[in-house]
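Q: Take me on a close look at the ligand's surroundings, please. After that, add a few spots elsewhere along the chain that deserve a glance.

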Amino acid sequence: MTSAQPSYRLPPGPEEPVALGIDPETLTTLTRLQRDYGDMVSMHRPNGRLAYFINDPVEVHRILARRHTRYRKGPGFERVKMLLGNGLIVSDGDVWRRSRRMIQPAFGRQNIHRLVDVMVECSQRRDRHWSRLAANGEQCNITSETSDFALELILISIFGKDYDDRIITDGENPFAFLSRDSARDLSVVLRVRHLRELLTSIIEDRKSGKHAESFDFLSVYLSAVDKHGKGFSRGELLDELMTLIVAGFETSANTLNWVWYLIASYPDIEARIIAEAERFLPDAESVNSESLMAMEYTQQVLEETLRLYPPVWLFTRRAHEDDELADYDVPQGTDIYLSPFILQRSEHYWPDPDCFDPERFAASDGNKKDRPYFPFSLGPRRCVGEYFSFMEMKVHLGLLLPRFRMLRVDDSRPELELGINLRSANDIFMKPVRR
Ligand code: HEM
């Protein structure tokens with residue numbers, strides 16, 4: 001446990017201990033601390049540990065990028081560990097560096113382009129379902145639809161044909177509870193154990209050559225080797241696969257959930273996305289890397305959605321060694337809190353910050369690079385799935401929005417659920433109408 005020495009230069013902050021978690025109260029607390037003390041705040045947590053809240057973009061960049069080796073993952077990651085073991089998101093130091101080097105090639109653009117057909121197939125599955133709902137005049141739970149889309153997509157991207165043959169049994173997806181159950185408690189741990197058994201048997205069959213697989217993440221992970229020519233052990237592979245599933249679907253699903261909600265209130269923005277989709281994706285056959293790259297306005301809409309609703313709304317780190325930020329010392333062991341949600345809605349950098357305006361991300365806006373924006377983090381630990389997620393979200397919107405108008409069924413504003421991921425507190429329902 002670290003207790004600050006009198007000789008340390010600490011930023012201003014409250015005298016009394018401050019409770020911090022990954023919850024709505026913490027957002028209120030951090031917003032208040034920034035208002036009262038400025039962009040760098042020091043405090044003590046009830047356990048005595050020193051903590052900083054950093055809201056200065058230059059220092060945020062220093063922590064996440066330039067000095068990232070001095071910091072490790074921070075409070076809250078113990079809970080994620082229960083689910084993901086020591087996979088890429090939670091590992092640190094040499095273990096992380098080795099895994100990241102082995103995994104990075106799987107996310108090269110060429111590999112992701114080979115998965116575009118899967119993105120199209122998963123969008124078409126939604127199309128069929130929404131057509132039935134529209135024909136019957138039924139409502140659509142857009143929160144669970146976007147979640148099912150993203151979960152199915154990541155599972156097929158990882159397991160290829162094994163998804164339909166081995167994972168879906170009696171029409172049930174055994175991974176579906178991951179999107180419904182936000183509690184990372186003991187029952188989740190038991191269910192995760194079952195999933196790991198299922199994955200082990202799929203891996204063993206793959207290794208024994210029972211399946212001739214064309215391309216999927218599992219085949220790339222199975223052939224990945226470190227600089228000594230050594231592959232992942234079975235335990236490491238399971239941790240990395242669970243990490244990929246959890247990291248790879250909830251974030252994109254939440255973003256799509258918010259996009260559908262936002263677009264329904266902005267007909268001009270909706271019309272521009274449709275016009276772009278009709279130009280570049282007139283049918284499913286025309287979906288490819290070039291046509292998706294050309295969809296610049298849709299990209300702006302997604303970036304603006306991620307500004308307002310960054311799925312990872314709070315990052316935590318712990319200083320692994322002494323550091324200095326601005327004019328202050330950071331003693332080893334200090335907990336660090338950074339929030340894209342707060343910085344990306346700061347009036348100081350983003351005029352009229354609560355307004356949804358994709359023009360902020362237009363190529364012609366020369367100031368956009370100077371504004372704090374890090375929904376995918378920054379530096380060497382930046383999200384490995386960023387390109388994949390933009391591709392999947394563009395395919396989803398580009399194929400579905402021109403075919404369905406989603407009508408809001410009420411005027412209520414969804415409350416925020418501020419857990420490890422930022423979600424809508426309640427499912428969002430909409431009424432699909434065929435155009
Ligand atoms: C809108 C979509 C997404 C957002 C906003 C997002 C955001 C993030 C953020 C903020 C981090 C860093 C967390 C931290 O350092 O504390 C991260 C890491 C990661 N993400 Fe994503 N992510 C998205 C989609 C995806 C997808 C689709 C995949 C996989 C297919 C993925 C895989 C990963 C992995 C493996 C890491 C760990 C990287 C490392 O530590 O080296 N993410 N993501």
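A: First, a bit of vocabulary: helices here are DSSP runs of H or I with at least four residues, strands are runs of E with at least two, and both are numbered from the N terminus. This is a predicted model, where local features need pLDDT of at least 70 and side-chain atom pairs count only at pLDDT 80 or more, while totals for chains, interfaces and linings use all residues. Residues are numbered from 1 along each chain as its sequence is written, and side-chain values use heavy atoms, with hydrogens and water left out.

Start at the iron. The ligand's iron atom has C383 as its only protein donor, through SG at 2.3 Å. A donor is an N, O or S atom within 2.8 Å of the metal (3.2 Å for Na, K and Ca), and with water not among the atoms, sites may look incomplete. C383 sits in the loop between α16 (340–343) and α17 (386–400).

That loop also holds S377. With a relative accessible area of 7%, S377 is buried; buried means under 20%, exposed over 50% and partly exposed in between, using a 1.4 Å probe and protein chains only. S377 has a positive phi of about 70° despite not being a glycine. For context, most residues other than glycine have a negative phi.

Now step back to the whole shell. The ligand is surrounded by 29 residues, the closest being K73, W96, R100, R317 and C383; to be near, a residue needs one heavy atom within 4 Å. Sorted by class, 17 of the shell residues are nonpolar, seven polar and five charged. Nonpolar covers Ala, Val, Leu, Ile, Met, Phe, Trp, Tyr, Cys and Pro, charged covers Asp, Glu, Lys and Arg, and the others, Gly among them, are polar. Helix α12 (234–263) gives the largest share of the shell, six residues. At least two residues each come from α4 (93–103), α12, β5 (315–319) and α17.

Next, the ligand's oxygen atoms. R100 has a polar side-chain atom 2.7 Å from one oxygen of the ligand, and an N or O atom in the side chain of R317 is 2.8 Å from a ligand oxygen. The backbone joins in at L88, where a polar atom is 3.4 Å from an oxygen of the ligand. A polar contact is a pair of N or O atoms within 3.5 Å; within protein, one must be able to donate a hydrogen and the other to accept it, and sequence neighbours count only if both atoms are side-chain atoms.

Strand β5, one of the shell's contributors, also contains R318. R318 is partly exposed, at 26% relative accessible area. Its C-alpha is 4.5 Å from that of D335, 17 residues away along the chain.

Now for those other spots. R307, in helix α15 (residues 296–308), is buried at 0% relative accessible area. Its side chain makes a 2.8 Å polar contact with the side chain of E304, and a polar side-chain atom of R307 is 3.1 Å from the backbone oxygen of C355.

A326 is in the loop between β6 (323–325) and β7 (328–330). Its phi is positive, near 50°, and A326 is partly exposed at 39% relative accessibility.
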